[in-house]
Amino acid sequence: MIKTTEGYDVQEIRNQFPILSRELKGKPLVYFDNAATSQKPQVVIDALVHYYSYYNANIHRGIHTLAEEATAAYEATRITVQQFINAASHQEIIFTRGTTESINLVAYAWGRANVNTGDEIIISTLEHHSNIVPWQMLAQEKGAILKVVPINENGEFLFEAFEQMLSERTKLVSIVHASNALGVINPVEEIIKAAHKVGALVLVDGAQSSVHLDIDVQALDCDFYAFSAHKLYGPTGVGILYGKKQILEDMPPFMGGGEMIKEVSFEHTSYNELPYKFEAGTPNIADTVAFKTALDFITNIGKSTIRAHEDELLRYATSQLSQIPGLRIMGDVQNKVSVVSFVIDNIHPQDIGILLDNQGIAVRTGSHCTMPLMQCLNVVGTTRASFAAYNTKAEIDLLVIGLHKVIKLLQ
């Protein structure tokens with residue numbers, strides 16, 4: 001019997017994920033790479049198949065039955081996303097290809113219209129490359145200044161240093177909600193309040209937090225919020241950009257083409273209303289439709305219920321891994337999502353990942369697209385185990401056994 005949070009039937013949840021019955025190299029699959037992408041329940045897979053089998057059509061412009069059905073299903077996902085993050089309007093929900101594209105959309109459309117020479121953009125040491133590089137590109141193009149908030153030795157955001165950086169020159173603060181590399185949760189509520197006091201806008205990278213934490217964009221009062229479907233048990237290739245309606249209305253389009261227009265002539269083009277102004281061309285219809293099923297899957301279980309299970313796994317993993325000689329957990333703090341990132345003395349993370357894979361255990365190794373953070377922590381990279389609704393303590397035990405085998409072999 002699998003022991004887990006009281007009242008939480010993890011085996012029943014596991015049974016809904018066909019990939020979890022797979023064996024790798026003669027071993028049961030232990031999937032601990034959820035921070036990179038989560039696995040998909042059968043209902044999401046079925047939703048994809050159902051779309052292509054019964055109502056595959058382009059959306060919004062057709063008047064035939066298939067087009068109307070596809071459009072209704074696509075827009076139903078938008079409403080579900082609006083409810084999931086408590087946006088004020090469905091017009092504030094823009095579909096993109098992922099968190100990366102959502103951030104780039106803001107950098108390109110809002111940034112190029114509003115950031116000028118001498119203006120300042122603030123990010124943090126914890127950022128993923130997708131929340132660093134677009135702002136570097138914008139700063140270089142516009143002659144703006146990119147500032148970076150430092151962290152302490154545990155990977156925690158130094159709020160006082162951030163406050164000292166803020167000024168009337170600050171145009172935007174773009175900050176990760178929860179670190180993909182360490183799991184550390186940033187104090188985004190306080191960050192947003194402080195930034196707004198100097199007139200700056202705030203973008204929150206919710207790629208890691210959206211699946212774990214309750215998100216209420218109105219309560220947060222963030223100006224933009226970005227996340228990806230594939231980390232919420234949904235398909236790849238679908239992202240969300242939330243933006244406050246007035247800000248989005250004032251922004252120029254990101255791309256030109258079909259759907260984002262009202263009228264086109266060779267002399268002039270007028271743009272469509274929100275959200276379609278930012279959704280040029282044929283979108284990723286099938287995966288967007290299936291994303292609603294993924295969000296319904298989370299809601300039906302209950303995000304707080306899943307979070308309690310993940311927190312229990314995090315505590316257990318932290319306790320068990322801390323007993324391994326030579327192992328050091330990076331970002332070992334109380335306020336974090338279900339990610340354990342660690343190093344082992346004199347063993348390269350890549351070697352750990354390869355040898356664990358030989359035992360059927362999937363973890364992520366390397367810099368996790370956070371090279372500046374790794375440099376700050378003075379490590380070449382880490383091994384990262386990240387947990388989801390379907391993981392168990394028994395799997396963590398297998399990880400611990402696997403690491404002991406790695407150490408015995410390499411030390």
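Two strands are taken to pair if DSSP finds at least two bridges between them. The views below show a predicted model.

**View 1. Pairing of β16 with β17.** Strand β16 and strand β17 (residues 382–386) are joined by 3 bridges and pair in the antiparallel sense. Within this pairing, Thr-382 of β17 is the bridge partner of Gly-366.

**View 2. The open sheet containing β16 and β17.** The sheet is built from 4 strands, arranged in the order β13-β14-β17-β16, with antiparallel pairing. Its edges are occupied by β13 (327–330) and β16 (364–366); each has a single partner strand, so one side of each is left without a neighbour in the sheet. On average, neighbouring strands are turned by 30° against each other, direction ignored. In general, the strands of a sheet pair through backbone hydrogen bonds, either parallel or antiparallel.

**View 3. Helix α12 across the sheet.** Helix α12 (residues 349–357) lies across three strands, namely β14 (339–344), β16 and β17. Relative to β16, the helix runs at about 155°.

**View 4. Length and faces of helix α2.** Helix α2 comprises 13 residues (residues 42–54), which at 1.5 Å a residue should span 18 Å; the end C-alpha atoms are 18 Å apart, in agreement with this expectation. Val-44, Ala-47 and Tyr-51 of α2 are buried. Viewed down the axis of α2, the buried residues fall within an arc of 50°, and they therefore line one face of the helix. Tyr-52 and Tyr-54, on the other side of α2, are exposed.

**View 5. Packing partners of helix α2.** The buried residues of α2 pack against two helices, α3 (65–85) and α10 (285–301).

How values were computed:
Residues are numbered from 1 along each chain as its sequence is written. This is a predicted model: local features need pLDDT of at least 70, side-chain atom pairs count only at pLDDT 80 or more; totals for chains, interfaces and linings use all residues. Side-chain values use heavy atoms; hydrogens and water are left out. The expected span of a helix is 1.5 Å times one less than its number of residues. Buried means under 20% relative accessible area, exposed over 50%, partly exposed in between (1.4 Å probe, protein chains only). The arc is that of the directions from the helix axis to the C-beta atoms. Contact means heavy atoms within 4.5 Å. Axes are lines fitted to C-alpha atoms, for helices over the stretch in contact, and angles run from 0 to 180 degrees between N-to-C directions.
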